[in-house]
Protein chains: 4
Amino acid sequence: MASVPERLVEAATRLFAAKGYDRVAVQEIVDLAGVTKGAMYHYFGSKDDLLNEIYGRLLRMQTERLEQIAAGPAPVVERLHAAALDVVVTSVDNFDQARVYFRSAEHLAEDKRREMRVARRRYHERFRALVEEGQAAGVLRADVPADLTVHYFFGSVHHLGQWYNVGGPLTAKQVGRHFADLLLASLRPVEEER
Amino acid sequence: MASVPERLVEAATRLFAAKGYDRVAVQEIVDLAGVTKGAMYHYFGSKDDLLNEIYGRLLRMQTERLEQIAAGPAPVVERLHAAALDVVVTSVDNFDQARVYFRSAEHLAEDKRREMRVARRRYHERFRALVEEGQAAGVLRADVPADLTVHYFFGSVHHLGQWYNVGGPLTAKQVGRHFADLLLASLRPVEEER
Amino acid sequence: MASVPERLVEAATRLFAAKGYDRVAVQEIVDLAGVTKGAMYHYFGSKDDLLNEIYGRLLRMQTERLEQIAAGPAPVVERLHAAALDVVVTSVDNFDQARVYFRSAEHLAEDKRREMRVARRRYHERFRALVEEGQAAGVLRADVPADLTVHYFFGSVHHLGQWYNVGGPLTAKQVGRHFADLLLASLRPVEEER
Amino acid sequence: MASVPERLVEAATRLFAAKGYDRVAVQEIVDLAGVTKGAMYHYFGSKDDLLNEIYGRLLRMQTERLEQIAAGPAPVVERLHAAALDVVVTSVDNFDQARVYFRSAEHLAEDKRREMRVARRRYHERFRALVEEGQAAGVLRADVPADLTVHYFFGSVHHLGQWYNVGGPLTAKQVGRHFADLLLASLRPVEEER
DNA sequence: GATGAATGAGCTTTCATTCAT
DNA sequence: GATGAATGAAAGCTCATTCAT
C-alpha cells in the first residue's frame, strides 16, 4: 500500500475533484485514506497545504513538458500544435488533478496563491512566446493579440473538467487533436477576410 | 433605493463573484444589502435560492438573445459570429453575474441544479444547431464535431472570469470580436491541411 | 432569570476564577450558563472577549472609587489609608472577578491587552500620586521610590486570591484594615533608622 | 553542551516563564532544547513532570537558605531583614524559574500539587516563625497576625514577576533592600498610632 | 412584513502521549 | 537511548436556518 502522505494526496484529489475544496471535510479525506486526522496534520500543515501539493504537481509536469516541446527543432507551427495537444492529453490523463487545478486557485492561502500565480504565469508566457514566434515568422496571424489567444485556448482546456467524460466516446488524444487543430486553424494568417 | 429582494440579489452577486459561494456568509450578504437575516428568509427560501435567482437571470437573457440572433435572416456564418460576439459582450457587461454563473452550478440544490442543466443544455444546443447548420451548408468545416466546438468556444467564454479586467485596456466589444473571429476562423473549411 | 449575556459572564467568572482561563472550555461555560455555544458567540466575539468583559468591570469600578477617594478633602495619609482599604474590600467582595483579574491579563488578545495595560497603569499612577503627595508633604518617607511602594502593595492585594478564604475567619474589612495599616506603617518617615 | 534533561529543563523554564504553562507545546520545548519528543518522554514522564522539576528547584534552594538565615545568631529583626532580602534577591537572580514558580502551581497534577503545597507551607511557616519570634520578644508589633503579614510580604515578592525588569534601573539587591525595609518598618511596634 | 436571539451540527486545527523500530 | 509517525480526544469557532415576537 502507498505511503500515508501519498494516500492522503490521492484521497484529497478524488474528493476535491468531485465536490470542490470547500465541500470536502478533512474528516472525509482521512477516512478515504484510512488514517486519522492527526496523521494528516503530521504531514501537511493544513487542508490547503494538501491542495497546494495537488496543485503544484500537474503544473510542474505540464510546464516541464511545454518547455521541452517548445525548445524542440520542429517548425513553430508544429511545436505549437504539439504543445496544445500535450496540455489536453496530460490534463485528461490526470483528470482529477486537472479538475482540482482548474477551479481551486482561489482556495489557496494568500502566500501560496502568489507563488502559484507566478508559476501559472510562467507557463502562460512560455505558451504565448510560441504564438508570438509564429506571428513574427509570419506563419500565424498577428491581428489578434497573442495574450488573448492564449487565454482563449486555455479557457477551452480548463473547461474540459466540466464536460469531458473519461469513459466516453472521445479519447484524450482525439480531443487533443481537435483542440489543437481548432487553435491552429484559428491562427492561420488571414488573406481576404470580410 | 431599490426593493429589498433586489438589494439582496445585488449584494449576493457582488459577494459570490468576489469570493465564491461557499466563502460568503448569509450575514455578509444581508449586511451589504442593509437588511436583516429575517428579511432575507422572508423573500428567499435559502442561501442557494439566492444563487438560483442570480443564476437564472443571465442565462435567460442570453438564451433569448441567442434565439433572436439565430432566427435572423443573415447568412449562418454571420449569425454565428453575432451570437459568439453577443455572449461575450453580455457576459462582460454583467461581469459579476457571469462569474457567479461560470462557477457556481455545483452549489445549487439538486432539484434546481437539474433545472439549470436543462436550461444550459438548451442554450448549448441552440448554439450547436447554428454550427451544424453551417456544416450542412458546407460553409463550416465538418471534421470537428459541432458539439466539441461549442464546448471549445464556451470554455473560452467561461474563462473570461479568470483573466478579464473590467477596467483594463480591452473593451467588451473588442474581446467579443476577437473571440468571434477566432471561432469563425477555426471553423473555415479546410482545403490543403497538412 | 438573568439575561443570557449576564449569565454567561457569571458562569465564565466562576470557572475562570476556579480553574484559570486556559483550563476552561467554552462548552463548560455555556453548560453552566444553560445556553448553547451559538448563543455565546452571538453575544461575544470570542472566549477572550468574555474575559475582557469580566476584566474591565472590576477595574472600572475600582478606578472610579479610587478617584473619588483620592479627590476627597481628608489629609493625604487618611486618603491613602482609605484607598488601600477600599481596594482590598472591593477585591474580596468580588472575589471571583478579582481572581480572574489578578491572573488573566496575559490571556487577552493583543489589542485588548494594550487597552487594559493603559487602564491598569492609570490606576497605578493615581495611587502612586497619592504616595508622592504624602512624600512631598513630608508625612511619608521619601527614601523608597513611590513606584516601588505601589508595586509592593498591589502585590499583596493580588496575592489575596491565592490564600484568602471567603468563608474564613477574617472579614474583608479586617484584612483591608490590616493591609492598609501595614502600608501606612511602612511609609512613616524614618527618624533614627539603623 | 549540557545534558539532555538539563537542556530540557532550561528550555521549559524559558518558555513557561514567557508564555505560561498551557500556552507552551511540548514540541516547542524539545525544539528549543534541540532534541526530539521521544527523548523528552524518555527522561520525563509528562509535561507537568517537567514543571515539577523546575518548580522544586527554586523552592528547595530558598528553603535551605531561609533555614540557615533563621538559625543564625543575629537578633531576630536582623534575621528577618536578611531573610526578606534573600528571597527577593534569589527570586530575581533566577527570574524565569521564579516566574514559573509564582504562577504555575495549579498546573501540577494532583499528587505533586499536594507535595508542593506541603513544601510551600513549610517555607511559609518558617518565615512566620521568625515574625512570631519578634512579636514574642516585643520587637515587632503583635496587633497584626503573623500569618497575614507573611502573606502580605510574599504577595509583594510574587508580584515581582509582573513588573520587575531584569535589565532595568533597579538591581536585585536594591529591590530586596527596599522590600525588606518596608516589611520591617511596617512591623515596628506602634506607639502613639492615630 | 420583519426582527434578531438562539440553535445544533459541523468545521479545521492542536496537542500530550504512545509505541514500533 | 532515542526516533518520529500516528493517535484520539478535545478545542475554539462558524453558520444556515428557525421561530417567538
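**Close-up views of a predicted protein–DNA model**

**View 1. Side chains that reach DNA strand F in this predicted model.** A polar side-chain atom of C:Lys47 is placed 2.8 Å from a phosphate oxygen of DNA strand F. On chain B, the residue to look for is B:Tyr41, which has a polar side-chain atom 2.8 Å from a phosphate oxygen of DNA strand F. A base is approached as well, since C:Lys37 holds a polar side-chain atom 2.8 Å from a base nitrogen of DNA strand F.

**View 2. The protein surface around DNA strand F.** DNA strand F is surrounded by 26 residues, and the closest of them are A:His42, A:Tyr43, C:Tyr41, D:Thr36 and D:Tyr43. Sorted by character, the residues of this surface comprise 13 nonpolar, nine polar and four charged. Helix H3 (37-43) contributes at least two residues to the surface from each of chain A, chain B, chain C and chain D. Seen from the side of the DNA, 70% of the atoms of strand F within 4 Å of the protein belong to sugar or phosphate, while the rest belong to bases.

**View 3. How chain A and chain B are related.** Chain B can be superposed on chain A by a rotation of 180 degrees with 0.1 Å of shift along its axis, leaving an RMSD of 0.1 Å. This is the relation of a two-fold axis. Within chain B, the residue that comes closest to the rotation axis is B:Ser186, whose C-alpha lies at 2.0 Å. Because 100% of the interface residues of chain B are also interface residues in chain A, the copies meet through the same surface.

Key
Residues numbered from 1 in each chain as written. Chains lettered and ligands numbered in written order. Predicted model: local features only at pLDDT ≥ 70, side-chain atom pairs only at ≥ 80, totals over all residues. Heavy atoms only, no water. Least-squares fit on C-alpha atoms with pLDDT ≥ 70 in both. Contact = heavy atoms within 4.5 Å. Near = heavy atom within 4 Å. Polar contact = N/O pair within 3.5 Å; in protein donor to acceptor, adjacent residues only side chain to side chain. Helix = DSSP H or I, 4+ residues; strand = E, 2+ residues; numbered from the N terminus. Nonpolar A, V, L, I, M, F, W, Y, C, P; charged D, E, K, R; others polar.
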